[in-house]
Amino acid sequence: MSVNGGDVNAAVAVRGLRKTYGKVEAVKGVDFEVAPGEVFGFLGPNGAGKTTTISMLCTLATPTGGTALVAGHDIVTERDAVRRNIGLVFQEPTLDGYLTAEQNLRFHAELYGVPKDLVGDRMRQVLDMVGLWDRRDGKVMTFSGGMKRRLEIARGLLHSPRVLFLDEPTVGLDPQTRSAIWGYIGKLRHSEDITIFMTTHYMDEAEYCDRIAIIDHGEIVVIDSPEALKASVGKDRVQIQTGDDERAMALLKENFGVEAAVREGQVTFAVPSGEEFVPRLFAGLGVPIRSVSVSRPSLDDVFMSYTGSTIRDAESSGTGNQWMRAMARGR
Ligand SMILES: Nc1ncnc2c1ncn2[C@@H]1O[C@H](COP(=O)(O)OP(=O)(O)OP(=O)(O)O)[C@@H](O)[C@H]1O
């Protein structure tokens, strides 16, 4: 069934969604659908339009154009229904530091009209899930950044939303806490009947998603599963250490027609089949090679391949290097 061009059975259905701030086109008309139960990620550099999109879907920002249904409800004409059906965890913490973890959750339960006789059990369930049941009487101001984020996730789940929106759920956290948060999200998908929509600019985290949309400059560049995206790059990354990098790069171009660049202190390039290329390389480069490594495409390579720059470069300068652009052209 279709309403306003969106599938009401989808957890999230978006058509031509746009948002401009003055002259800035933050989101330039995006289309996508998220199936019930899916973990769907928006992957893109800072400023790509991720927060703007998620804000519109959560009814916190009004679209300039297009439509979207969340849990079957229109984000503009049925805002209250959308809000009742979603949980939010945003980058900026919105917990009350003077209240305990439990008080924060009780306040939220009241706001969302969770029946009083259900609150206790549900609270235990969500606090257990994020490992904070024992700390429920602690004031939130005494919690670490990671504990606060975990509590925010518990709060986002308290009213049993159909869709949980997480905007950069692990930003600013140490690697151990980041991996713990992903552990909780992993548990969630098994224990709750829920769809998860999240944004991230961490490649490794995007791997946890069933599907990801790569977003750059307000546009979706590609949507697929991490595996399919990596397979679509079709090129392996080869890194070599040589006695003369400049000469090696010149000879790679001259002898093999391969564009290379120095990355992480090594001459780096992409070829369709690394294992087959390496013996030819040793035989024909003409510069001593001290070490060589071949790796399958990562999501980093996927991002580069579709946008022409690494996420990190996109965040700092907005332009990619020669090798990255060559990879993009090769598509
Ligand atoms: N309230 C606003 N007023 C003006 N411009 C805005 C506003 N919010 C976002 N923008 C602009 O819209 C573009 C997209 O920003 P957005 O925050 O959606 O990106 P993002 O991908 O979420 O990045 P980040 O991870 O840094 O939040 C940026 O150019 C940003 O400067």
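**Entry 1: strands 9 and 10**

I began with a single pair and found that Asp167 stands opposite Thr199 in strand 10. The model is predicted: I accepted local features only at pLDDT of at least 70 and side-chain atom pairs only at pLDDT 80 or more, while totals for chains, interfaces and linings use all residues. Residues are numbered from 1 along each chain as its sequence is written. I took helices (H or I, at least four residues) and strands (E, at least two) as DSSP runs, numbered from the N terminus. I counted two strands as paired if DSSP finds at least two bridges between them. Strand 9 (residues 163-167) and strand 10 are joined in the parallel sense by 5 bridges.

**Entry 2: the sheet**

I then traced the sheet, which is open and has 6 strands in the order 8-9-10-5-11-12, with mixed pairing. Strand 8 (86-89) and strand 12 (219-224) are its edge strands, each pairing on one side only. Neighbouring strands of this sheet are turned by 15° against each other on average, direction ignored; the axes are lines fitted to C-alpha atoms, for helices over the stretch in contact, and angles run from 0 to 180 degrees between N-to-C directions.

**Entry 3: strand 5**

I looked up both partners of strand 5. Strand 5 runs parallel to strand 10 (residues 195-200), with 5 bridges between them, and Val39 has Ile196 as its bridge partner there. With strand 11 (residues 211-216), strand 5 pairs in the parallel sense over 4 bridges; in strand 11, Ile212 is the bridge partner of Gly41.

Burial was checked next. I called a residue buried if 20 or more other C-beta atoms lie within 10 Å of its own, exposed if 12 or fewer, and partly exposed in between, with C-beta atoms placed from the backbone. In strand 5 (residues 39-43), 5 of the 5 residues are buried, so the strand is largely enclosed by the rest of the structure. Val39, Gly41 and Leu43 point one way and Phe40 and Phe42 the other way, and all are buried.

**Entry 4: the ligand shell**

I listed the residues around the ligand (C-beta atom, placed from the backbone, within 6 Å of it). Among them are Tyr21, Val24, Ala26, Lys50, Thr51, Thr52 and Glu168. Strand 4 (24-34) and helix 1 (50-57) each supply at least two residues of this shell, and helix 1 gives the most, with 3 residues. By class I noted 4 nonpolar, 6 polar and 2 charged residues. Here Ala, Val, Leu, Ile, Met, Phe, Trp, Tyr, Cys and Pro count as nonpolar, Asp, Glu, Lys and Arg as charged, and the others, Gly among them, as polar.

**Entry 5: positive phi values**

I noted two residues other than glycine with positive phi. Phi of Thr59 is near 70°, and Thr59 lies in the loop between helix 1 and strand 6 (65-70). Thr59 counts as buried because it has 20 C-beta neighbours inside 10 Å. Ser160 has a phi of about 50° and sits in the loop between helix 5 (145-157) and strand 9. Ser160 is partly exposed, with 16 other C-beta atoms within 10 Å.

**Entry 6: the whole protein**

Finally I recorded the overall figures. The protein has 13 helices and 16 strands, and of its 331 residues 40% count as buried. Its C-alpha trace spans about 75 × 45 × 35 Å along the principal axes.
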